[in-house]
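Visitor: Please show the structure, and let us then discuss it in a series of questions and answers.

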Amino acid sequence: MKIAVIGTGYVGLVSGVCFAEFGFNVVCVDNNVAKIANLQKGLVPIYEPGLDVLMAKNVQVGRLTFSTDVKSVKDADIVFIAVGTPSQSDGSADLSYVYQACGELAPYIDDAVLVIKSTVPVGTTRAVKEFLRNKSCRADVAFNPEFLKEGAAVDDFMRPDRIILGVESEKAKTTLSRAYRPLYAFNIPILFTSLETAELSKYASNAFLAMKVTFINEIANLCESCGADVNEVANAMGLDKRIGDQFLQAGPGYGGSCFPKDTRALKDFSEKFGVCLPLVSETIKSNDGRRAKMVKKILAACGDNIKGKNIAILGVTFKANTDDMRDSPSLDIVDALIKGGACATIYDPSFSDQAKQIFRDIKFSEKAYDCCDGADATIILTDWPEFKALNLRELRRRVKNPLLIDLRNIYPLSEAAAAGFNYYSVGRPFQKAESA
Ligand code: UDX
């Protein structure tokens with residue numbers, strides 16, 4: 001079977017490489033000439049653990065190719081659409097890239113199954129089918145959402161919790177079943193649903209996860225006032241199988257290219273269907289307000305005076321194990337600190353080019369310890385594994401003032417204080433430095 005994937009971003013490239021790893025012949029198509037040229041040279045444009053090795057292997061055995069020519073989909077059995085559906089200013093999803101791709105593909109996919117993998121509002125897949133029929137294209141159309149977490153996308157593709165296939169024909173059902181057959185050995189549930197059910201399942205899943213994170217962040221606010229420990233509350237909640245222990249880590253609020261976009265799009269299109277989703281609206285509002293709340297916490301910890309202060313910032317990507325800065329909490333938090341007159345130094349383990357471009361006026365260190373040299377305050381914004389392994393006593397020796405503000409609750413309270421830090425975190429009591 002031959003598979004084509006349109007779009008070589010976080011979803012398209014991972015999907016293309018993994019389908020090739022399943023043993024299929026795959027062509028990844030993108031209209032970005034430079035990106036395709038780099039891919040053909042073996043350069044992976046995204047930070048995704050394990051992707052480079054898999055990509056090189058499948059290119060080497062001839063199962064995976066890259067092209068800018070949309071005609072390269074001609075003999076494909078399945079054509080996946082994995083282009084961006086970014087938020088527009090009113091929160092709605094921008095579908096122009098989806099329709100542009102489908103318009104270009106129409107003349108070549110009559111005998112294929114066109115599968116939308118991009119996250120699209122309910123009704124889009126059916127509208128795309130209509131759009132193709134109006135162009136005399138008889139391709140079957142289906143929807144297959146992705147549930148790939150950045151930084152774990154290869155694993156999430158290879159071992160998904162479920163596969164959702166919105167299909168309307170036996171051909172689409174059998175063809176897509178063949179595409180995911182390599183997963184049968186792992187008894188992964190495959191759900192066949194209507195197009196609309198598949199589309200909404202994606203938004204509902206992401207919005208629920210965003211709401212769960214926002215819930216624990218609000219509980220963290222309460223913990224700070226009533227003296228409870230949010231990590232312990234989260235643990236106590238998560239032991240209830242009906243709640244589950246994931247996505248209960250309090251922090252600076254969610255970011256990335258999905259939760260913010262998908263919650264806003266869900267709010268938008270549900271209202272267009274005449275239905276309000278107050279929980280989703282409140283989730284968006286609560287999360288949007290959290291960054292300012294984090295800035296206030298930092299300022300308070302710094303005695304409400306950061307002018308001229310040296311502030312070390314550990315981690316600026318929206319979460320660990322990615323180089324992605326899209327809608328990262330650091331964008332607002334670092335911006336506020338600079339505006340307040342602080343002198344920031346950043347260390348990020350991904351060495352993200354996006355970060356260096358965005359914070360081009362800020363010094364970047366190559367090592368966490370160097371970043372903290374002479375710091376009046378040290379802030380942890382992202383929960384990179386390497387930060388959990390930092391030698392806090394060494395860090396104490398490097399800073400000028402032993403003030404550690406950990407927005408990811410990486411350390412046990414006692415550990416930071418024992419290392420000599422005045423330790424602030426999220427939803428947990430302040431810990432005064434133990435005297436040396
Ligand atoms: C998410 C969904 O998990 C994935 O299924 C979907 O396909 C794409 O969107 P992603 O955005 O890559 O994946 O990251 P995720 O790991 O879900 O985290 C999203 C945000 O929530 C990040 O900002 C993260 O820092 C935050 N988060 C997550 C928390 O603050 N606490 C948590 O416990 C979990």
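**A guided reading**

Guide: Ile-163 lies in strand S7 (residues 163-166), where strands (E, at least two residues) and helices (H or I, at least four) are DSSP runs numbered from the N terminus. The model is a predicted one, in which local features need pLDDT of at least 70 and side-chain atom pairs count only at pLDDT 80 or more, while totals for chains, interfaces and linings use all residues. Residues are numbered from 1 along each chain as its sequence is written, and side-chain values use heavy atoms, with hydrogens and water left out.

Visitor: Is Ile-163 buried or exposed?

Guide: The classes rest on relative accessible area: buried is under 20%, exposed is over 50%, and partly exposed is in between (1.4 Å probe, protein chains only). Ile-163 has a relative accessible area of 5%, so Ile-163 is buried.

Visitor: Which residues is Ile-163 in contact with, leaving aside its neighbours within four places in sequence?

Guide: Contact means heavy atoms within 4.5 Å. Pro-189 is 26 residues from Ile-163 in sequence, with 6.3 Å between the C-alpha atoms. The full list of contacts is Asn-144, Tyr-180, Leu-183, Ile-188, Pro-189, Ile-190 and Leu-191.

Visitor: How many residues does the contact take from domain 1 and from domain 2?

Guide: The domain assignment of the protein gives domain 1 (2-193) and domain 2 (194-436), with bounds that come from an automatic or database domain assignment. The C-alpha centres of domain 1 and domain 2 lie 32 Å apart. The contact takes 34 residues from domain 1 and 31 residues from domain 2.

Visitor: What is the area buried between domain 1 and domain 2?

Guide: Buried area is the accessible area (1.4 Å probe) that two parts lose on being put together, summed over both. Carbon and sulfur atoms give 58% of the area between these domains. On the side of domain 1, Tyr-47, Val-122 and Glu-150 lose the most area to domain 2, together 28% of what that side buries. The total for domain 1 and domain 2 is about 2600 Å².

Visitor: What span should helix H11 have at 1.5 Å a residue?

Guide: The expected span of a helix is 1.5 Å times one less than its number of residues. H11 (residues 278-301) has 24 residues, and its end C-alpha atoms are 34 Å apart, which agrees with the expected span of 34 Å.

Visitor: On which residue is the kink in H11 centred?

Guide: The bend at a residue is the angle between axes fitted to the seven residues ending there and the seven starting there. The kink in H11 is about 30°. Its centre is Arg-290.

Visitor: Which elements do the buried residues of H11 pack against?

Guide: The buried residues of H11 include Val-280, Ile-284, Arg-290, Arg-291, Met-294 and Ile-298. Their packing partners are helix H8 (195-226), helix H10 (259-272), helix H12 (329-339), strand S12 (377-380), strand S13 (403-406) and strand S14 (422-424).

Visitor: Which residues does Asp-327 touch, not counting residues up to four places away in sequence?

Guide: Asp-327 is placed in the loop between strand S9 (310-314) and H12. At 28% relative accessibility, Asp-327 counts as partly exposed. The residues touched by Asp-327 are Gly-255, Gly-256, Pro-260, Arg-264 and Arg-291.

Visitor: What is the phi of Asn-321?

Guide: Asn-321 lies in the loop between S9 and H12. Its relative accessibility is 28%, and Asn-321 therefore counts as partly exposed. Although Asn-321 is not a glycine, its phi is positive, at about 60°.

Visitor: Which residues does Ala-312 touch, not counting residues up to four places away in sequence?

Guide: Ala-312 is in strand S9, and at 1% relative accessibility Ala-312 counts as buried. Ala-312 and Thr-345 are 33 residues apart in sequence, yet 5.0 Å apart C-alpha to C-alpha. The residues touched by Ala-312 are Thr-345, Cys-371, Cys-372, Ala-375, Ala-377, Thr-378 and Ile-379.

Visitor: How many disulfides does the count come to?

Guide: A disulfide is taken as a pair of cysteine sulfur atoms within 2.5 Å. For Cys-372 the closest cysteine sulfur, in Cys-371, is 5.0 Å away, too far for a bond. The sulfur of Cys-28 is 10 Å from the closest cysteine sulfur, in Cys-18, and so is also too far for a bond. By this rule the count of disulfides is zero.
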